[in-house]
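Here are some worked exercises to try with the model open beside you. Attempt each task before you read its solution.

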Amino acid sequence: MEIPGWIILNVYTGLLLVLLLIFQSKNIHTDSGDRFNQLDIMTLVLLVSETLGHLGEYCPDKLLILTKIGYYIIYALDPADYLFAILYINCWLNEKGRTKGRKYFIEIYKAFVLVNFVLVTVSTLFNLKWFYYFDGTEYMRGPLFMVRGVLLLVFCILLSVYTIVYRDSIFSGYRIAIFSLPTLALLGALFQIVFSGMDWTYASIAVGLLILFFHLQDRNLDIDYLTGTLNRRGLDIRMEEAVKNAQGNGRIFSAIMLDIDRFKQINDSYGHSEGDSALKIVADILQEVFSGDTAIGRYGGDEFCIITKIDSQKLLDDKVELVEDELEKWNYKKEKPYQIEVSMGSLVYDNSKAMSAKKFQEAIDKLMYIQKRKHHS
């Protein structure tokens with residue numbers, strides 16, 4: 001007996017979604033991890049519902065109830081899958097991306113998800129046949145089927161547009177992986193229209209989740225949950241690699257240590273939420289100033305470390321000055337009741353001295369604290 005193609009596709013898609021859920025559960029708890037799980041679970045629920053619907057169609061006399069249950073869940077909850085995708089993408093937006101336009105878009109889509117759920121439920125309970133119905137055992141499309149389908153496709157397209165509009169608010173190292181989710185979801189929706197025999201939407205989303213897991217979620221152990229930059233562990237690994245490459249291959253690099261001046265005063269005067277906001281603002285500015293192949297991370301507390309491929313002290317000093325200029329511009333806007341000032345130490349790795357990663361880190365720390373003492377005095 002030949003196995004239908006949709007069964008093979010759904011089985012492999014379901015297996016992939018379950019494995020991603022298992023692997024993600026082993027990572028540390030973060031907002032992006034929670035949203036990843038929500039999107040994964042919702043996609044799995046819809047996939048199972050779609051499978052039940054098809055199974056019921058094979059034996060409608062006995063299993064029509066499975067078709068009705070499966071189709072109801074798909075029609076009622078399908079738009080929520082894209083909502084979870086939007087909420088996941090938001091986890092990777094920096095402070096610049098938290099605009100009123102973004103907020104309005106999310107609220108409008110939430111309203112669409114809620115209205116869709118209510119209308120589908122009312123239509124199903126009272127047999128109003130708005131979106132779909134069954135003529136005996138035969139599945140039929142209702143008068144509002146196409147309206148709902150077009151709206152869903154429009155929002156799917158807008159999800160891709162959303163990531164493009166706010167691309168500058170996504171950390172540069174994460175953009176390609178994040179773009180893959182809405183792009184694959186849109187392609188899946190379009191394939192579904194052309195090849196109606198198989199549901200490509202959920203398989204496409206599952207592939208997008210796989211890409212996100214390997215490029216983003218599996219790195220959670222190295223990511224600071226608050227700023228989205230590297231954490232101490234991630235920085236230590238990058239520093240060891242940079243020193244090893246410098247000593248083995250002559251690839252000179254440099255690093256900067258940054259400390260926020262009077263950070264405790266911000267926490268004490270305005271609360272820890274404002275202290276967290278200050279950390280995010282500094283992280284965003286560092287992401288804007290340095291290129292995508294630069295390792296930027298929160299070393300601990302209010303300290304940041306930047307490991308870059310710059311091999312000239314003059315060019316490094318120019319970058320330090322650029323960071324100070326960007327902070328000065330931010331302070332001039334007076335968006336917060338406090339100003340953010342920093343102390344920085346910078347140094348190009350000298351291969352001739354064969355310094356270890358720890359010694360090099362200590363040398364930069366020393367330079368940073370020299371400047372910090374000057375600021376406090």
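In which helix is the place of L19? L19 sits in helix α1, residues 5-25; helices (H or I, at least four residues) and strands (E, at least two) are DSSP runs numbered from the N terminus.

A word on the ground rules: this is a predicted model, where local features need pLDDT of at least 70, side-chain atom pairs count only at pLDDT 80 or more, and totals for chains, interfaces and linings use all residues. Residues are numbered from 1 along each chain as its sequence is written, and side-chain values use heavy atoms, leaving out hydrogens and water.

**Exercise 1. Classify L19 and find its surroundings on the surface.**

Step 1: Take the cut-offs: buried is under 20% relative accessible area, exposed is over 50%, and partly exposed lies in between (1.4 Å probe, protein chains only).
Step 2: L19 has 34% relative accessibility, so it counts as partly exposed.
Step 3: L19 belongs to a nonpolar surface patch with I3, I8, Y12, L15, V18, I22 and F23, with about 730 Å² of accessible area together. Such patches take residues with over 30% relative accessible area and no salt bridge, joining nonpolar side chains (Val, Leu, Ile, Met, Phe, Trp, Tyr) within 5 Å and like charges within 9 Å.

**Exercise 2. Check the span of helix α10 and say why it counts as largely enclosed.**

Step 1: Helix α10 covers residues 272-289, 18 residues in total.
Step 2: The expected span is 1.5 Å times one less than the number of residues. From first C-alpha to last, α10 reaches 26 Å, close to the 26 Å expected.
Step 3: Because 13 of its 18 residues are buried, α10 is largely enclosed by the rest of the structure.

**Exercise 3. Lay out the four-stranded sheet and place R298 in it.**

Step 1: The open sheet has the order β4-β5-β3-β6, with antiparallel pairing; two strands pair if DSSP finds at least two bridges between them.
Step 2: β4 (295-300) and β6 (342-348) are the edge strands, each pairing on one side only.
Step 3: β4 and β5 (residues 303-308) are joined by five bridges, and R298 has F304 in β5 as its bridge partner.

**Exercise 4. Trace the salt bridges that link distant parts of the chain.**

Step 1: The criterion is a side-chain nitrogen of Lys or Arg within 4 Å of a carboxyl oxygen of Asp or Glu. The whole structure yields 10 salt bridges.
Step 2: D224 pairs with R298, their closest N and O atoms being 3.4 Å apart. D224 lies in the loop between α7 (200-215) and α8 (232-249), R298 in strand β4, 74 residues apart. Both D224 and R298 are buried.
Step 3: K372 pairs with D261 at 3.1 Å between the closest N and O atoms. This pair connects helix α12 (residues 357-376), home of K372, to D261 in the loop between β3 (254-260) and α9 (263-270), 111 residues away.
Step 4: K372 is buried at 13% relative accessible area, and D261 is buried at 4%.

**Exercise 5. Examine a salt bridge within one helix.**

Step 1: D318 and K314 meet in a salt bridge at 3.5 Å, N to O.
Step 2: Both lie in helix α11 (residues 313-333), four residues apart, about one turn of the helix. An α-helix has 3.6 residues a turn, so residues three or four places apart point the same way.
Step 3: D318 is partly exposed at 35% relative accessible area, while K314 is exposed at 60%.
Step 4: Elsewhere, salt bridges with shared partners join D259, D261 and K372 into one network.

Conventions: Areas by Shrake-Rupley, 256 points an atom, 1.4 Å probe, with all protein chains shown as cover.
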